[in-house]
Amino acid sequence: MKIIVTGGAGFIGGNFVHYMLAKHPSYRIICLDLLTYAGNMETLAPVVGHENFTFVKGDIADRAFIYQLFETEKPDIIVNFAAESHVDRSIEDPEIFLQTNVIGTSVLLDACKKYSIKRFHQVSTDEVYGDLPLDRLDLFFTEETPLHTSSPYSASKASADLLVQAYHRTFKLPVTISRCSNNYGSYHFPEKLIPLMIANALNDKKLPVYGTGDNVRDWLYVEDHCSAIDLIIHNGRIGEVYNVGGHNERTNLEVVKTIIRELGKDENLIQYVTDRPGHDRRYAIDPTKIKTELGWEPATLFDEGIKKTIKWYLDNKAWWERIISGEYQSYYEKMYADR
Ligand code: NAD
Ligand code: DAU
């Protein structure tokens with residue numbers, strides 16, 4: 001089995017590469033990544049040199065390059081993680097989100113069609129469903145929930161999902177889609193809530209909580225997302241969408257306070273800042289379909305996963321300190337200085 005993992009130098013894709021090489025020692029994994037600001041070869045350092053692993057630098061939206069890669073490698077499966085993934089950046093500069101997330105996905109779909117690939121798996125997000133009210137804890141996103149996006153990021157991911165489904169219906173392309181809730185764990189880029197708060201707290205910097213901190217996210221330990229995708233590409237039904245999440249809902253404030261407590265810091269580090277425009281209130285996944293059809297369940301609950309994650313950031317300071325000492329500083333200044 002030969003799998004092209006796009007975006008494998010990023011957070012979830014990198015974890016997926018590690019997961020698959022360990023779980024399926026006979027599979028060949030080809031990681032294709034453009035190495036944008038979010039891609040990091042240090043995330044792949046543990047597998048560089050592995051006999052079943054190859055890294056290729058390139059853009060999923062570069063049609064000639066993608067066709068050449070498919071022609072040469074003749075992969076069985078494509079798992080598409082490659083994307084611009086940060087909501088705040090999409091509010092600042094939407095265009096690259098359309099280029100990578102929509103055009104890039106369309107190029108991959110065309111390549112899958114041209115080379116009769118056995119499976120194209122699109123890694124999507126629960127953000128395509130929009131948000132849920134904070135006072136209706138009985139409501140969850142199911143696979144039937146209408147798409148209703150809020151940010152340029154989620155609009156680009158929903159557009160990609162529609163294209164994937166169109167290629168299945170019109171061209172009978174063998175596709176699957178997973179829509180996962182917020183991931184956390186190792187190798188998470190420090191622009192996102194959990195790693196940002198860990199890094200800032202360790203450096204005794206202010207912890208910028210948007211708005212009131214009441215927004216709710218449904219946190220999934222990244223290895224549980226990897227195990228879900230592994231099950232879907234092997235046993236999932238063609239043409240189907242699978243929601244992935246494990247009922248680990250927390251308000252942002254609860255998450256930040258947990259990190260403060262685990263690190264022995266003071267809550268006076270919290271600084272309430274101007275809210276994100278269009279800020280989604282609550283995400284919450286109903287994982288019944290993937291549980292009943294594929295037997296998937298998360299192995300790591302939030303209280304354990306957050307401890308493991310904090311330990312990883314303590315044990316791997318070089319990985320994130322190198323990031324936050326680079327161009328990230330001007331990003332941080334731009335996003336947070338006058339907030
Ligand atoms: P990330 O930003 O950490 O990584 C994205 C990777 O894609 C990077 O390595 C980057 O270099 C690469 N990339 C970007 N543009 C590219 C291009 N044009 N060609 C090739 N590679 C390119 O993102 P992540 O958090 O790991 O998310 C991965 C996928 O999972 C995304 O599709 C995202 O929408 C989805 N997702 C993320 C979460 C989450 O909580 N992080 C949850 C659900 C779904
Ligand atoms: O739900 C899945 C999505 O989760 C993925 O599709 C996205 O790629 C991923 O980035 C993530 O999106 P969020 O917007 O939920 O993640 P983020 O870490 O940016 O923010 C989480 C919450 O924390 C959100 O309510 C905004 C808030 N926040 C975030 C940052 C960076 C803060 O309060 N302060 C911050 O500094």
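Let's start at ligand 1. A polar side-chain atom of Y153 sits 2.6 Å from one of the ligand's oxygen atoms. Keep in mind that this is a predicted model.

K157 makes a similar approach. A polar atom of the K157 side chain is also found 2.6 Å from an oxygen atom of ligand 1. Then there is the backbone. At I12, a polar backbone atom lies 2.8 Å from an oxygen of ligand 1. How much of ligand 1 does the protein bury? On its own, ligand 1 exposes 830 Å², and 97% of that is buried by the protein.

Now the shell. Ligand 1 is surrounded by 28 residues. The closest are I12, D33, S85, Y153 and K157. So much for names; what about classes? The shell around ligand 1 counts 13 nonpolar residues, twelve polar ones and three charged ones.

Which elements contribute at least two residues each to the shell around ligand 1? They are α1, at 11–23, β5, at 119–125, and α6, at 152–171. The largest share comes from β5, with three residues.

On to ligand 2. The shell here has 24 residues. Nearest are D126, Y153, R276, H279 and Y336. Note Y153. We met Y153 among the closest residues to ligand 1, and Y153 is listed again among the nearest to ligand 2.

Three polar pairs for ligand 2. First topic, side chains. In H279, a side-chain N or O atom is 2.6 Å from an oxygen atom of ligand 2. In N252, a polar side-chain atom lies 2.8 Å from an oxygen of ligand 2. Next, the backbone. L193 places a polar backbone atom 2.8 Å from an oxygen atom of ligand 2. As for cover, ligand 2 alone has 680 Å² of accessible area, and the protein covers 94% of it.

By class, the shell around ligand 2 splits into ten nonpolar, eight polar and six charged residues. Two elements each give at least two residues to this shell: α7, at 193–202, and β8, at 207–210. The largest share, three residues, is from β8.

Next slide: empty space. How many cavities of 30 Å³ or more does a search of the whole structure find? One. The largest cavity holds about 60 Å³ of space. Its lining has 13 residues, and V87, S151, R276, D280 and Y283 are the closest to the cavity's centre. The lining divides into four nonpolar, five polar and four charged residues. R276 is worth a second look. R276 is one of the residues closest to the cavity centre, and R276 is also among those nearest ligand 2.

Last item, the annotation. An unreviewed UniProt entry places the feature "domain: NAD(P)-binding" at residues 4–309. In the model, that span is 41% helix and 17% strand. The C-alpha atoms at the two ends of residues 4–309 are 27 Å apart.

To recap. The protein buries 97% of the area of ligand 1. For ligand 2, the covered part is 94%. Y153 appears in the closest set for ligand 1 and in the nearest set for ligand 2. Thanks. Over to you.

Definitions and conventions:
Residues numbered from 1 in each chain as written. Chains lettered and ligands numbered in written order. Predicted model: local features only at pLDDT ≥ 70, side-chain atom pairs only at ≥ 80, totals over all residues. Heavy atoms only, no water. Near = heavy atom within 4 Å. Polar contact = N/O pair within 3.5 Å; in protein donor to acceptor, adjacent residues only side chain to side chain. Areas by Shrake-Rupley, 256 points an atom, 1.4 Å probe, with all protein chains shown as cover. Helix = DSSP H or I, 4+ residues; strand = E, 2+ residues; numbered from the N terminus. Nonpolar A, V, L, I, M, F, W, Y, C, P; charged D, E, K, R; others polar. 1 Å grid on protein atoms, 1.4 Å probe; cavity = no way out; pocket = protein on both sides within 12 Å on 5 of 7 lines; lining within 4 Å. Points joined across faces, edges and corners; volume = space filled by probe spheres on them. UniProt positions renumbered as here; feature names shortened; annotations may be inferred.
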